[in-house]
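Here's a set of short exercises to help you find your way around a protein you haven't met before. Try each task on your own, then read the solution.

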Amino acid sequence: MDDDSHAMLSRESLIYAITVPLSTSIILANLLIILGISCNRQLHNTPNYLFLSLLVADMCTGVALPFIPLMGLNRELSFSSCLLVHVFPNFLFLAFLFNLVMVHYERYICIADALRYNTLWMHRSFPLALLIVWAPPLLYASLPAIGWNNWTGPDWNNCCESLPKPSNCSTNGTTCCSYRRVFPNAFIYLEVYGLVLPAILVIAGMTGRVLCITRGQLRDICRLHRAIERGSQASEREHRLNLRYTRCVVAVSLTFLACWVPYLIYMHVCIAFLISDTKWSSTTHIVLSCTGIGSMAVVPLVLGLANRQYTEPAYKLLQKLRDRWRTSQELEEVAF
């Protein structure tokens, strides 16, 4: 095995070593929450159906997670196979992002405009909401398959030369699969700055607005409490409410920093190297892509696991298994 083959295998091994445990955790956690929602009939309503759609998209993103960093590697694939390994993970990622925006929008309206919440359009037409979060990502991700690609262009980044030898790459690189041959620069810029970044900013804006509304409502509650108690100093209950709100703000801030900042760093580093048209370390790209995409896929799990109604069936099941194990242990001790 030559040096090129060994380097390719080592990069693939690094990708699988990072993504497979993370992907497995994401899939199992999503299945756990999906089971919790499915087993509780009280949760069978439009908001939870939207959250189920998000969980399905997140689980699919977890399945595709090992293949996303592979886009940064040059591989020898046919035209159709190359399109499939690039277009399909990109579609799942965009569908996940659209679902996440829809869930945040639905919860934002619930708090910001409670009087109009029950008449919201997505409650009246849930199939339309599903169509909005799944059809546009599929349409946009399919544009390279329709014809917006660089497959007939030059051999970007000396793709054929970076493949293990011997390689039957032709002179025009028709069997060399690289993200540069599938996604034109304009496509990447439009997706990043026209879809992904605005979606993240909208989510951050709605979350910040909800925290501001919650803070205002908390002040009104404290003001009414003081008026009833006829006291000028904050009571113990007000201190508990303020402490709970502070914990909520800290939790939201830490979630944003842990889940979104790594992806934003990865996204802008990739754009910077794309603009400069320079090569960069494959190890750096692999680590950034794995941590960036993986951390973003954790967002729905944070939302789901924080809701006790979603995790109650799994908790009861674990409790039953624990009780049975303890009972069996006690019977064995008595027998001996």
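The exercises below start with the whole chain and then move on to helix pairs and single residues.

**Exercise 1. Getting an overview**

Task: Work out how many helices and strands the protein has, and what share of its residues is buried.

Solution: Before anything else, keep in mind that you're looking at a predicted model. Step one is the element count: there are 14 helices and 2 strands. Step two is burial. The protein has 336 residues, and 38% of them are buried. Step three is about contacts along the chain. Take the contacts with a separation of 6 or more: 78% of these come from residues 24 or more positions apart.

**Exercise 2. Helices α2 and α3**

Task: Find how α2 and α3 are oriented to each other, and which residues make the contact.

Solution: A quick reminder first: two packed helices are described by the angle between their axes and the distance between the axes. Here, α2 covers residues 46-64 and α3 covers residues 79-112. Their axes lie 9 Å apart, at an angle of about 155°. Angles over 145 degrees count as roughly antiparallel, so α2 is roughly antiparallel to α3. The crossing of this pair is left-handed.

Now for the residues. On the α2 side, the contact includes P47, L50, F51, L54 and D58. On the α3 side, F93, F96, V103, E106 and R107 are among them. Sorted by class, the contact of α2 with α3 has 15 nonpolar, 3 polar and 3 charged residues.

**Exercise 3. Bringing in helix α5**

Task: Decide whether α5 runs roughly parallel or roughly antiparallel to α2, and then do the same for α5 and α3.

Solution: Start with α2 and α5. Helix α5 spans residues 126-141, and the axes of α2 and α5 cross at roughly 25°, coming within 11 Å. Since angles under 35 degrees count as roughly parallel, α2 is roughly parallel to α5. The crossing of α2 and α5 is right-handed. In this contact, T46, Y49, L50, S53 and A57 of α2 meet F126, A129, L130, V133 and W134 of α5. By class, that gives 8 nonpolar, 2 polar and no charged residues.

Next, α3 and α5. Their axes come within 8 Å and cross at roughly 150°. That angle is why α3 and α5 are roughly antiparallel to each other. This crossing is right-handed. Residues of α3 in the contact include V87, N90, F91 and L94, while those of α5 include I132, W134, P137 and Y140. The class count for α3 with α5 is 15 nonpolar, 2 polar and no charged residues.

**Exercise 4. Two residues of α3**

Task: Find out whether N90 is buried or exposed, and which residues V101 touches beyond its sequence neighbours.

Solution: Take N90 first. It sits in helix α3. Its relative accessibility is 8%, so N90 counts as buried. Skipping neighbours within four places in sequence, N90 is in contact with M71, A141, F183, F187 and E191.

V101 is also placed in helix α3. With neighbours within four places left out, V101 is in contact with A199, V202, I203 and M206. Look at I203 in particular: it is 102 residues from V101 along the chain, yet their C-alpha atoms are separated by 6.2 Å.

**Exercise 5. Partly exposed residues**

Task: Find the helix that holds Y193 and the helix that holds A145, then see how exposed each residue is.

Solution: Y193 belongs to helix α9, residues 185-229. At 39% relative accessibility, Y193 counts as partly exposed. Not counting residues up to four places away in sequence, Y193 touches P198, H268 and I271.

A145 is in helix α6, residues 143-146. With 45% relative accessibility, A145 counts as partly exposed. A145 and S80 are 65 residues apart in sequence, and their C-alpha atoms are 8.5 Å apart.

**Exercise 6. The salt bridge**

Task: Find which residue pairs with D113 in a salt bridge.

Solution: Side chains of opposite charge can pair when their charged atoms come close. The structure holds 1 salt bridge. D113 forms it with R116, and the closest N and O atoms are 2.7 Å apart. As for accessibility, D113 is partly exposed at 27%, and R116 is partly exposed at 39%.

Definitions and conventions:
Residues are numbered from 1 along each chain as its sequence is written. This is a predicted model: local features need pLDDT of at least 70, side-chain atom pairs count only at pLDDT 80 or more; totals for chains, interfaces and linings use all residues. Side-chain values use heavy atoms; hydrogens and water are left out. A salt bridge is a side-chain nitrogen of Lys or Arg within 4 Å of a carboxyl oxygen of Asp or Glu. Buried means under 20% relative accessible area, exposed over 50%, partly exposed in between (1.4 Å probe, protein chains only). Axes are lines fitted to C-alpha atoms, for helices over the stretch in contact, and angles run from 0 to 180 degrees between N-to-C directions. Helices (H or I, at least four residues) and strands (E, at least two) are DSSP runs, numbered from the N terminus. Angles under 35 degrees count as roughly parallel, over 145 as roughly antiparallel, 65 to 115 as roughly perpendicular and the rest as oblique. A crossing is left-handed if the near helix is turned anticlockwise from the far one by less than a right angle, and right-handed if clockwise. Contact means heavy atoms within 4.5 Å. Ala, Val, Leu, Ile, Met, Phe, Trp, Tyr, Cys and Pro count as nonpolar, Asp, Glu, Lys and Arg as charged, and the others, Gly among them, as polar.
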